[in-house]
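Subject: Structure handover

Hello,

I am passing this structure on to you. Please open it first; my notes follow below.

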Amino acid sequence: MANFEAYQEYQRIEDFEEDSPPGEEQDLLVHVPEGLKDSWHHIKNLDNFFKRIYHFHQKNGFACMMLSEFFELIQFLFVVIFTTFLVNCVEYDVLFANRAVNHTGQGQNPLDRNKVTLPDAILPSEQCTERIQENSWLIFLLIMAAIFWLYRLVKVFCNVMSYWEIRQFYIKALKIRMDELCNFTWQEVQDRLISLQREQQMCIHKKELTELDIYHRILRFKNYMVAMINKSLLPVQLQLPLLGNVVFLTQGLKYNFELILFWGPGSLFQNKWNLHPKYKRNGNRLELAQQLSRVILLMGLANLLLCPFILVWQVLYAFFSYTEVIRREPGSLGARRWSLYGHLYMRHFNELDHELHGRLGRGYKPTSKYMNSFTSPVLTVLAKNFAFFSGSILAVLIALTVYDEDVLTVQHILTAITVLGVVITIARSFIPDEHMVWCPEQLLQCMLAHIHYMPDHWRGHANKSETRDEVAQLFQYKAVFILEELLSPIVTPFILIFHLRNKSLEIIDFFRNFTVDVVGVGDICSFAQMDIRRHGNPTWMSHGQTEASIYQQAENGKTELSLMHFTIKNPRWQPPQESSVFISHLKEKVHHDAQGGPSTQLLLSEAPLCTSLSSNGSGAAPDNLLASVLAHPVLTASGLQGRDHRFIPPSTAASAAASVLASLSTSQLPHTSRSRSHSLLNSSVQPETMYRSDRTIIDSMSNSDIRGNTLNSEFASAEMSLHAIYMHELHQQSSHPQRASGQWQNPVPMRDLHTNSGFQSQSGLGSNLSMPTAVHLGGWQEEEEENEDDQEINSGSPPKQGTGSSC
């Protein structure tokens, strides 16, 4: 927001290029502040503009972004030059001492005449240049690399210019200094954008922007990709001999999908925001499918032609990137990461990158524990023996080296020590932790709380290898990720030519049936509107509210869960009528189920024990809430006593989630006011909230635990996790009423418990409820894991599996 107290003028927009989505108001008086009218009035490409604003914030400003761009150019040059040097300018016979080198110069020590130095193995520059000139194939590769590098250089220069403009926009329009950028959340930046639109019409077709408008522009194509994965339209699941069903989706294949469908030559979109009109008509669908098939064929042939070059680059980049890491930490290949397919499968409609990464980051630990809980007895026996034999040999070599360092001069001794160390590390990764307890159902429930999506057939089958294999498609080994990326240049052309081409007609029908034109935004995927009436599923609490056929329904409750996620993350957003009805119906159902569920006081008093059972050591209030809900069915099934020292009946996770949700009040969270204050809202201020009943307990926890905006997003995430658990439970009750009646908690007979010993709640809730200490519920020992990379959210410890007792 610029200097609005200065002289302001009004001007009429009479003639402008048709480069923005058409709207209802074509003749509009636009309020233009004097300081901003030349730069950010009537922005022609709002999609790119909002994307750059978002990326600028997420990548921590201009300096960090430009340094990253600069070093990407330097890295490419380094890989090309260094590889050329290694191939043509090193005398490997001398380096490996296969050929003697005699130093006969004056002043040379006779003892050093046969010693090989590094300069001896490097050819003179003239001879090196001659070798390069004689290799025509190498010259061709260098020319191709130079052309690509110049293209990247031009792109970096354009990015510098555009992001410098974004920097000025942050400083002058949004009033955010660069040294304060890291202290602003994206929601706060978004609120300033919405306020700026009211003062200055960046988009001239709407007087006001909503949060959903901004999300639609940033995520226009990603929402299409999420919808196509949800409807199983893209050919990423392949049936291979011996391997069975395999999911294959790499960065290269995803890039080709986007190039063909969205922004490449011959794509379906005529610009960044409009689908070509011919794809909206039903009459010529067969002809359009043939055209798309030809485009896919040409793209597949182009990938086949470029396969050798891309493959060489992938191998070189992987070698320089991972070799040192593997040498230093061989177990890193056994770590897991969320697969690219997993990102698209578990992504909500209208979910930004940082929201998705944060959610999957919170789900990393329970998913790792679930995957590591599986064990192979045969592999365990083999791994123990391999570790024993390798360790014995390594111990002897190390002892000899300590006794006499000349042992290191023996040929291949260092190689043997390194290989033995790698073998031991890999073998130990297959040896399970003897203290881990087999609790697959509880771990799968913990996963669901964070990833929010789970096929129905997983429920009750968490201990099956088939379920583990399907989870592995979402949560793959890093070694598998590297292998897939290396194979991508070879496999991608065949997927395009032999699989995607067969989907041409279905793709044409999908874009025609599921594209809507939104005023001021343009053409978007209709699923991204989160319209319950059009895309709801009756088994996901949309019964009587949806008119969608099976073809129109989103799978796995994605419409309903996405609506709840967006509503919680953007509490100021006003949903349309159909969505409001669904939210109201859900709220009524929550209050109804909460009446028969455990009390909030009991759930929160269980927080310390439940946090321990969930292997969550953070102890923060949102984590305590979630842990209480997840572990409460286990505690009650094990004979938990109530406040009056009488046994309480076993309850489901749904009833526990409903009790907390009914008591949860977002009125205490500063994110509803978007202020930068680190204090809580005054109790007299009661903005719109989703639930308003019985706030006393939650408020007391908020007053003791919330310290500023940091925990606001954590409370929102915990609230969404509770909704995911609750909605999945109701879905199971609706779809499989007999199977849903206690599948998760497996009630056991009540046991007599001692009441004279217990412990006090440590969460600062003021509750004096004591918990019996004689309950043997089982648990698992916390594994030591590496610090996870916040950006990648994909690092972790190698698999360790439990062979202990089961829950």
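Helix H10 (285-328) and helix H18 each supply at least two residues of a nonpolar surface patch. The model is a predicted one. The patch covers about 750 Å², and H18 gives the most to it, with five residues. Its members are Leu298, Leu301, Leu304, Leu483, Leu487, Ile490, Phe494 and Phe498.

One member to look at is Ile490, which sits in helix H18. Its relative accessible area is 36%, so Ile490 counts as partly exposed, a class that lies between under 20% (buried) and over 50% (exposed). Patch residues must have over 30% relative accessible area, and the 36% of Ile490 meets that cut-off.

Helix H18 also takes part in the second largest pocket, where it gives the most to the lining, with ten residues. That pocket has a volume of about 820 Å³. It is lined by 33 residues, and those closest to its centre are Asn245, Val246, Val247, Val480 and Glu484.

Which elements each supply at least two residues of this lining? They are strands E3 (237-240), E4 (244-247) and E6 (475-477), together with helices H11 (340-346), H17 (465-474) and H18 (478-500).

By class, the lining of the second largest pocket is made up of 19 nonpolar, seven polar and seven charged residues.

To recap, H18 is the element to start from: H18 gives the most to the nonpolar patch, and H18 gives the most to the lining of the second largest pocket.

Regards

How values were computed
Residues are numbered from 1 along each chain as its sequence is written. This is a predicted model: local features need pLDDT of at least 70, side-chain atom pairs count only at pLDDT 80 or more; totals for chains, interfaces and linings use all residues. Side-chain values use heavy atoms; hydrogens and water are left out. On a 1 Å grid over the protein atoms alone, a cavity is a set of points where a 1.4 Å probe fits but cannot get out, and a pocket is an open set with protein on both sides within 12 Å along at least five of seven lines; lining residues have an atom within 4 Å of a point. Grid points are joined across faces, edges and corners, and a volume is the space filled by probe spheres set on the points. Helices (H or I, at least four residues) and strands (E, at least two) are DSSP runs, numbered from the N terminus. Ala, Val, Leu, Ile, Met, Phe, Trp, Tyr, Cys and Pro count as nonpolar, Asp, Glu, Lys and Arg as charged, and the others, Gly among them, as polar. Patches are made of residues with over 30% relative accessible area and no salt bridge: like charges are joined within 9 Å, nonpolar side chains (Val, Leu, Ile, Met, Phe, Trp, Tyr) within 5 Å. Accessible areas come from the Shrake-Rupley method with a 1.4 Å probe; for residues, only the protein chains shown count as cover. A salt bridge is a side-chain nitrogen of Lys or Arg within 4 Å of a carboxyl oxygen of Asp or Glu. Buried means under 20% relative accessible area, exposed over 50%, partly exposed in between (1.4 Å probe, protein chains only).
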